[in-house]
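Okay everyone, thanks for coming. Have the sequence and the 3D view open while I talk, and stop me if you lose your place.

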Amino acid sequence: MNAAGIDVSSRKSTVAVLRPFGEVVQLPFDVRHSAEDLTALAQQLKAIEGETRVVMEHTGRYYEGVAKVLHEAGLFVSAVNPLLIKEYGNNSLRKVKTDKADAMKIARYALDNWAELRDYTPMDTIRYDLKTLNRQFQLASKQRTATANNLIALQEQSFPGIRKLFDSPVRSDGTQKWVDFTHDFWHADCVRGSSQNAFTERYRKWCKRNRYQFSMEKAAKVYTLAKSAVVLIQKTSVTKTLVQEAANQLTAISRSVEIYRTEMVKLASQLPEYPVVMQMYGVGESLGPQLMAEIGDVCRFQRKQSLVAFAGIDPAPNESGDYRSRSNKTTKRGSPYLRKTLFNIMTIYLQRAPLDEPVFQYLDKKRAEGKPYYVYMTAAGNKFLRRYYAKVTAYLATLENLPPVDMESTGLQHTE
């Protein structure tokens, strides 16, 4: 048997091939990430006598092209968590960190864990696109929050307090009433510079032009606030540029967020598990696609514990001799995006308090025991993932005419 360890970087990879007992088949060599070189590498590895398995770290996106080409060439390819490689075989006092040394280390790991290696299956196009969209959605959401905070900071200098008078949600095109209002009425003097009746009429026309609901009471509140506002910056062309450009940036980013959200729903609806996932409590058109994007194909997890570990919300045992830790921290070694999505779902459970939902019952039980906030929220997220695994695998089994999953063994009926 031959173990090919590949240390992947952005432009090239370093490959080493070993056999048991330290026999070197191929000394470490570099391969460029081009179609010709990767195809030649695949043919070279297939020409080696005996079974060959290729192992690499799934770091970032760089490994996916290499794994795809080798997998399509008929080779056994396994993408391993980088943490497993990092903590493997550190039996030397010397600290060596080179691409060649890493390739040899990965090959040795492959030999020692030969039977446990899992074949790499490229994510299908829909799941790949959905995950990529979700990452862009998360990035744009962070940018929107930062841009909104920036606009509010400027607004508090030119028209303090006006933000609190508007609570309309973001529309599908990314526009929002308070942002559009700030763009056109960028300073308190834009309101209080005329009489209340004149402003009310102007505000009514503005609402009609921008397709917002007009309220006489809201117009009166805005005018009253403008008359009493203490502004920190004067009504100048510089102030107008600062506020309006900040509003334009926020609208543009919000439009991107809503486009990503819409496309994610379209892609997620094409996945087989979409109906059962969307029926779960706390999962809507925003969080549902995010959940499916980060979990991917649930069938790749052999047990519910594997899915929980992937999310990084499994408590790490801490025992030594007679010592038994009663409170263990979560590993946090999985997907941070999945943990964030789970936390948002648990927040919905906490806000709505559905008494007939098993996940909330478990959350409430842990809260009643006096557990800290993050402890019972994480425990409830763990419970939710177990139910997700059971429901989705059982549903997919019915689609494939396979024997249904044992619900007791998956923990769906386990209330802990």
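I'll go through aromatic rings, then charges over rings, then salt bridges.

Quick housekeeping. This is a predicted model, where local features need pLDDT of at least 70, side-chain atom pairs count only at pLDDT 80 or more, and totals for chains, interfaces and linings use all residues. Residues are numbered from 1 along each chain as its sequence is written, and side-chain values use heavy atoms, with hydrogens and water left out.

Right, rings. How many aromatic pairs does the structure hold? There are 19 aromatic pairs. To pair, rings of Phe, Tyr and Trp (for Trp, its six-membered ring) need centres within 6.5 Å; planes under 30 degrees apart are called stacked, over 60 edge-to-face, and the rest tilted.

Take Phe185 and Trp206. They form an edge-to-face pair, 6.3 Å centre to centre, with 75° between the planes. This pair links distant parts of the chain, 21 residues apart: Phe185 is in the loop between α6 (177-184) and α7 (189-192), and Trp206 is in helix α8 (residues 196-209). When I say helix, I mean a DSSP run of H or I with at least four residues, numbered from the N terminus.

Are those two buried or exposed? Phe185 has 2% relative accessibility and counts as buried, and Trp206 is buried too, at 1%. Buried here means under 20% relative accessible area, exposed means over 50%, and partly exposed is in between, using a 1.4 Å probe and protein chains only.

Now compare that with Phe343 and Tyr373. Their ring centres are 6.0 Å apart and their planes are at 80°, so this pair is edge-to-face. Here, too, distant parts of the chain are linked: Phe343 comes from helix α14 (residues 336-352) and Tyr373 from helix α16 (residues 373-399), 30 residues apart. Phe343 is partly exposed at 31% relative accessibility, and Tyr373 is partly exposed at 33%.

Stay on those two for a second. Together with Tyr374, Phe343 and Tyr373 make a nonpolar patch on the surface, with about 320 Å² of accessible area together. A patch takes residues with over 30% relative accessible area and no salt bridge; nonpolar side chains (Val, Leu, Ile, Met, Phe, Trp, Tyr) are joined within 5 Å, and like charges within 9 Å. The areas come from the Shrake-Rupley method with a 1.4 Å probe, and for residues only the protein chains shown count as cover.

Back to Phe185 and Trp206, which have company. They belong to one aromatic cluster with Phe166, Phe181, Phe199, Tyr203, Tyr212, Phe214 and Tyr223.

While you're there, find Trp186 in the loop between α6 and α7. Trp186 counts as buried, at 9% relative accessibility. What does Trp186 touch, not counting residues up to four places away in sequence? Ser158, Lys235, Thr236, Thr239, Lys240, Val243 and Gln244, where contact means heavy atoms within 4.5 Å. Its C-alpha atom is also 9.6 Å from that of Leu154, which is 32 residues away along the chain.

Next, charges over rings. That label needs NZ of Lys or CZ of Arg within 6 Å of the ring centre and within 35 degrees of the ring normal. Arg300 lies over the face of Phe310, 5.1 Å from the ring centre. Lys383 has its charged end over the ring of Tyr362, at 5.8 Å from the centre.

Last topic: salt bridges, meaning a side-chain nitrogen of Lys or Arg within 4 Å of a carboxyl oxygen of Asp or Glu. The whole structure has 16 salt bridges. Look at Glu294 and Arg135, which meet at 3.0 Å, N to O. Glu294 is in helix α12 (residues 287-295) and Arg135 in helix α5 (residues 125-158), so this salt bridge ties together parts that are 159 residues apart in sequence. Glu294 is buried at 2% relative accessible area, whereas Arg135 is partly exposed at 26%.

For a local one, try Glu201 and Arg204, at 2.5 Å, N to O. Both sit in helix α8, 3 residues apart, about one turn of the helix. Glu201 is partly exposed at 33%, and so is Arg204 at 34%.

Lys366 and Glu369 also form a salt bridge, at 3.7 Å, N to O. Lys366 is buried, at 18% relative accessible area, while Glu369 is partly exposed at 44%. And finally, Lys12, Asp30 and Asp99 are linked in a network of salt bridges.

That's me done. Any questions?

Note on methods. Helices (H or I, at least four residues) and strands (E, at least two) are DSSP runs, numbered from the N terminus.
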